[in-house]
Amino acid sequence: MSKFDVATRFFHACEGLTGAVGCAEYVAEGAGFEAQCEPLVEITSVLDYCDWLAAVGKGPLQGCRYILHSSAYDDQTDTALFYGTFIGKHVAEGGPVPVTHKETVSQFVYALEMDQDGKVSKMTKIWNAPWALSRLGWM
């Protein structure tokens, strides 16, 4: 399987809310995570991000989904990019405020760096979280 195939499988496992358990086979030990947005700045590992997304998607945003618009792979830098849209509605308890029944439709990008073994060694999420969270009524 190519590095891009692994990255693609990881993307769908992560966005498919499988958590760390469903994503671990695609992730290198100690793989780091970065995002320059609240509420993700405290998350530092890829698998912790996978668990965070699964908890949100199976909790307050039950029934959420994603659309993958485009993906690409750069062989020179061993980096995969995935551009998508997250659609979620606050329909259950577990959010920072009582259920709002408000929806967000929010674009995002994953930049996944792959290691020599063909696993995700670093993930950067590019996302306008304040905008998305305000649409949900969480800010």
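In the predicted model, residue D78 is located in the loop that links β2 and β3. This loop belongs to the hairpin of the two strands, in which 4 residues lie between β2 and β3 and D78 adopts a positive phi near 50 degrees. D78 is classed as buried because its relative accessible area is 18%, below the 20% limit for that class. Apart from residues up to four places away in sequence, D78 makes contact with K3, Y73, L112, E113 and M114.

The strands that flank this loop are joined in the antiparallel sense, with 9 bridges between β2 and β3. Within this pair, A72 is placed opposite L81 of β3. On β4, strand β3 is again met by an antiparallel partner, and 11 bridges connect the two. One of the positions concerned is T79, whose bridge partner in β4 is E113; E113 is also among the residues touched by D78. Of the 11 residues of β3, 8 are buried, and the strand is therefore largely enclosed by the rest of the structure.

These strands are part of an open sheet of 5 strands with mixed pairing, arranged in the order β1-β5-β4-β3-β2. The edges are occupied by β1 and β2 (65-74); each has a single partner strand, so one side of each lacks a neighbour in the sheet. On average, and with direction ignored, neighbouring strands of the sheet are turned by 20 degrees against each other. Helix α1, comprising residues 3-15, packs on the sheet and touches β1, β2, β3 (79-89), β4 (103-114) and β5. The direction of α1 makes about 150 degrees with that of β4.

At the β1 edge, the pairing with β5 (residues 120-127) is parallel and extends over 5 bridges. A35 stands opposite K125 of β5. E34 lies in β1, which spans residues 27-35. With a relative accessible area of 42%, E34 is partly exposed, because this class covers values between 20% and 50%. When neighbours within four places in sequence are left aside, E34 is in contact with K122, M123, T124 and K125. The C-alpha atoms of E34 and V99 are separated by 29 Å, the two residues being 65 places apart along the chain.

In soluble globular proteins, nonpolar side chains tend to be buried together. In the present model, the largest nonpolar core contains 39 residues, and those with the most contacts inside it are F10, Y49, Y110 and L112. Two or more residues are contributed to this core by each of α1, β1, α3 (46-58), β3, β4, β5 and α4 (129-135). L112, which is also touched by D78, is in contact with A7, F10, D78, T79, A80, F82, V120, K122 and M123, not counting residues up to four places away in sequence.

The largest pocket encloses about 200 Å³ of space. Its lining is formed by 16 residues, of which W52, V56, L61, W127 and L133 are the closest to the pocket centre. The elements that give two or more residues to this lining are α3, β4, β5 and α4. The greatest contribution is that of α3, with 3 residues.

Notes: Residues numbered from 1 in each chain as written. Predicted model: local features only at pLDDT ≥ 70, side-chain atom pairs only at ≥ 80, totals over all residues. Heavy atoms only, no water. Buried < 20%, exposed > 50% of the residue type's maximum accessible area, 1.4 Å probe, protein only. Contact = heavy atoms within 4.5 Å. Pairing = 2+ DSSP bridges. Axes fitted to C-alpha atoms, helices over the stretch in contact; angles between N-to-C directions. Core = buried A, V, L, I, M, F, W, Y, C linked by side-chain atoms within 4.5 Å. 1 Å grid on protein atoms, 1.4 Å probe; cavity = no way out; pocket = protein on both sides within 12 Å on 5 of 7 lines; lining within 4 Å. Points joined across faces, edges and corners; volume = space filled by probe spheres on them.
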